[in-house]
Amino acid sequence: MADKQIKVATEARIAAFAARDQTNPKKYGDLLGQTLDSHLGATADAMTEIVRRLGVQTDKTIGALAKSEDDRSTAYRAVFEREQKADRLKSRLPWFGLGALVVALVLTVTLPRFLDSNASTCAVLGASWTTTTTGFDACVFYRR
């Protein structure tokens, strides 16, 4: 019976040590840390890579937005310059019209004089080239 009690006591002692090891927070903390490291290490690496790629894409997006802003500014500047040019043309347009009117009046008065100064253009006008009694040549329109 003493052997049996020693055997039971030894088994109880082994069970108590096993229970103590199983409830040891340091041991379970280390075991939990190893488990998490083994399972979450790859996930953490993947998340780090995702964050790095997001940073690269953010930089590219910032660059594209800056270029877009520059392009928009250039387009606005070109439109503004075209509007300024159109305004300058509008302010000069009355002077162009007045100049055209003056040229038309001058040509109305002087062109027939130059056209009737030789026989071929006189014939184009429908007149006759004749010599007057005083000896001058003239372009004459006869009424029929």
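**A disulfide, a hairpin and a nonpolar patch**

With a relative accessibility of 14%, Cys139 counts as buried, because the cut-off for that label is under 20%. This comes from a predicted model, and Cys139 makes a handy place to start looking around.

The partner of Cys139 is Cys122: the two form a disulfide, with 1.9 Å between their sulfur atoms. A disulfide is a covalent bond that ties together the sulfur atoms of two cysteines. The count for this model comes to one disulfide. The link between Cys122 and Cys139 is right-handed, with 90° about the S-S bond. It connects distant parts of the chain, as Cys122 sits in helix 3 (residues 119–124) and Cys139 in strand 2 (residues 137–140), 17 residues apart. Cys122 is buried too, its relative accessible area being 0%.

Strand 2 also has a partner of its own. Strand 1 (residues 128–131) runs antiparallel to strand 2, and four bridges join the pair. Within this pairing, Thr131 stands opposite Asp137 of strand 2. Together the two strands make a hairpin, with five residues between them. One of the residues in the turn, Gly135, has a positive phi of about 95°.

Then there is the surface. Here Trp95, Leu98, Leu101, Val102, Leu105 and Val106 come together as a nonpolar patch, and their combined accessible area is about 620 Å². One member of the patch, Leu101, belongs to helix 2, which covers residues 25–115.

Terms used:
Residues are numbered from 1 along each chain as its sequence is written. This is a predicted model: local features need pLDDT of at least 70, side-chain atom pairs count only at pLDDT 80 or more; totals for chains, interfaces and linings use all residues. Side-chain values use heavy atoms; hydrogens and water are left out. A disulfide is a pair of cysteine sulfur atoms within 2.5 Å. Buried means under 20% relative accessible area, exposed over 50%, partly exposed in between (1.4 Å probe, protein chains only). Patches are made of residues with over 30% relative accessible area and no salt bridge: like charges are joined within 9 Å, nonpolar side chains (Val, Leu, Ile, Met, Phe, Trp, Tyr) within 5 Å. Accessible areas come from the Shrake-Rupley method with a 1.4 Å probe; for residues, only the protein chains shown count as cover. A salt bridge is a side-chain nitrogen of Lys or Arg within 4 Å of a carboxyl oxygen of Asp or Glu. Two strands pair if DSSP finds at least two bridges between them.
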